[in-house]
Amino acid sequence: MSDDIAYIEAQGQGLQVQAANQKLLRNELESLLDICAITADDLQPLKVAPLETSSGLEEIEAALVTLYKAMMKIDASVTGSDMRKSEDASMNEQQTSLSPDYGKMRIVQEKKEMYLSETKFFLNRLGGFMSRQFDKAIQETRSAIAGALSKKVDPRNHDAGRALLWQYHPLILYSREVNLGEWDRYLHIYQEKNNPLYRSQFKDILEAWKRNARKPASEETALLFTAQIEKQQEGTMATARRVTVKRSQTLARSLGRPLGEGNKANSEKGQEGRSHPYEIFAGVMDDLLPLVVIEQNFIVDFFHATTLETADFPDLVAMTRPRDRQGGDLRRHRLMEPDRDLARRVTRAMEAIFIFLEQDLQNLMLWVLAQDPL
């Protein structure tokens, strides 16, 4: 009986292995059928569905999710999913991928070529559409800045333009995972179109601050000539000490004196509310720096220019519907990007947008020194 029991157990184990193999084979055949069952009609929304409406965008995203999953089963490297997935998730994706033997089948290769062709056509269409959307976003931002009740610099004025773009950020992720060249083209279009916006805005900010500058008092102007005469008669160090002392006394008198008191009450009254040149420089930096930081964070978030993001394209589509999408806190500090090539691409985009900023700040420094050499 022990021999019969051992024989029956061996047969049972063999049946279990056979059943597992048949189940795996069935799953692979089902995946193969799913891939081959996708037709050009199923992908028709990629060509005709309107990107301007939420319903059209949902149709396009549903078709892209189907296309994305099919391409990932054929060849996971096509989607770049290994850049975003953890090790466990990568193992799961490998389990759902086709066997390499099936991937070599002619029908699978033909489907792969068709899917890549459909993707290329759609991404080209998306590029032209996003270019127009960037123009609309810039116009919304200009209108918000011009119509603001307060003329103080407010980074929230840019939210109006960005609100138009957030619903498309899953499509930007799709382009980044499937075709990095197209993604880079979108970023290039964005940086070229936003350069004039920030150039004009920063120019207006600088001019507004300069108009608020207070002119040097006559006592301070006379102090310059006194210092020059003393410099010819005495050594350089002694002159510097005397000028410093006189400058400190002048500032102490002006700060310690109540408004309207003293021999120069009329001249002081005319400069109430105005800022010293060095205060203007500090104010300009306080206004411009948040705009630059927030713009960089927007580029990182909207263009998914980070390897720290864990969600892939289907996950991002499933999170929220297009009309409900909005960005996160753009003031929040971002961690350093470990992919240095990607970080350099963001840096190049920022340099293209704010290429004028270095020269503007240099000119501002020269203006401050010319207004108040002391």
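These legends accompany close-up views of a predicted model, taking its helix contacts and its empty spaces in turn.

**View 1. Helix α14 packs against helix α16.**
Here we look at α14, which spans residues 277-302, beside α16, which spans residues 340-353. Their axes lie 11 Å apart and make an angle of about 135°. That angle makes α14 oblique to α16, and α14 passes α16 in a right-handed crossing. Which residues of the two helices meet? From α14 come V292, E295, Q296, I299 and V300, and from α16 come V346, A349, M350 and I353. Sorted by class, this contact has 7 nonpolar residues, 1 polar residue and 1 charged residue.

**View 2. Helix α14 also packs against helix α17.**
Staying with α14, we turn to its contact with α17, residues 357-371. The two axes come within 9 Å and cross at roughly 165°. With angles over 145 degrees counted as roughly antiparallel, α14 and α17 are therefore roughly antiparallel to each other. The crossing is right-handed. On the α14 side you can find P277, Y278, I280, F281, V284, M285, L288 and V292. They meet L357, L361, L364, M365, W367, V368 and Q371 of α17. By class, the residues of this contact divide into 14 nonpolar, 1 polar and no charged. V292 is worth finding in both views, since it is listed in the contact of α14 with α16 and in the contact of α14 with α17.

**View 3. Helix α10 meets helix α16.**
Now for another partner of α16: helix α10, residues 180-211. Are α10 and α16 roughly parallel or roughly antiparallel? Their axes cross at roughly 30° and come within 7 Å. Angles under 35 degrees count as roughly parallel, and α10 and α16 are therefore roughly parallel to each other. The α10 residues in the contact are W183, D184, L187, H188, Y190, Q191, N194, N195 and Y198. Facing them in α16 are L342, R345, A349, A352 and I353. This contact has 8 nonpolar, 4 polar and 2 charged residues. Two of the α16 residues, A349 and I353, will look familiar, as they are also listed in the contact with α14.

**View 4. A cavity is lined by 14 residues.**
How many cavities of 30 Å³ or more does the structure hold? There is 1, and the largest cavity has a volume of about 90 Å³. Nearest its centre lie A137, T141, R162, Y190 and N194. Helices α7 (106-146), α8 (159-165), α10 and α14 each give two or more residues to the lining. By class, the lining divides into 8 nonpolar, 4 polar and 2 charged residues. Y190 and N194 can be picked out again here, having appeared in the contact of α10 with α16.

**View 5. The largest pocket is lined by 35 residues.**
This last view shows the largest pocket, which holds about 850 Å³ of space. Start from N297, V300, D301, T306 and R334, the lining residues that lie nearest its centre. Helices α14, α15 (313-319) and α16 each supply at least two residues of the lining. Which helix gives the most? That is α16, with 6 residues. The lining is made up of 14 nonpolar, 11 polar and 10 charged residues. V300 links this view to the opening one, as V300 is also among the α14 residues that meet α16.

Definitions and conventions:
Residues numbered from 1 in each chain as written. Predicted model: local features only at pLDDT ≥ 70, side-chain atom pairs only at ≥ 80, totals over all residues. Heavy atoms only, no water. Axes fitted to C-alpha atoms, helices over the stretch in contact; angles between N-to-C directions. Helix = DSSP H or I, 4+ residues; strand = E, 2+ residues; numbered from the N terminus. Parallel < 35°, antiparallel > 145°, perpendicular 65-115°, else oblique. Left-handed = near helix turned anticlockwise from the far one by under 90°. Contact = heavy atoms within 4.5 Å. Nonpolar A, V, L, I, M, F, W, Y, C, P; charged D, E, K, R; others polar. 1 Å grid on protein atoms, 1.4 Å probe; cavity = no way out; pocket = protein on both sides within 12 Å on 5 of 7 lines; lining within 4 Å. Points joined across faces, edges and corners; volume = space filled by probe spheres on them.
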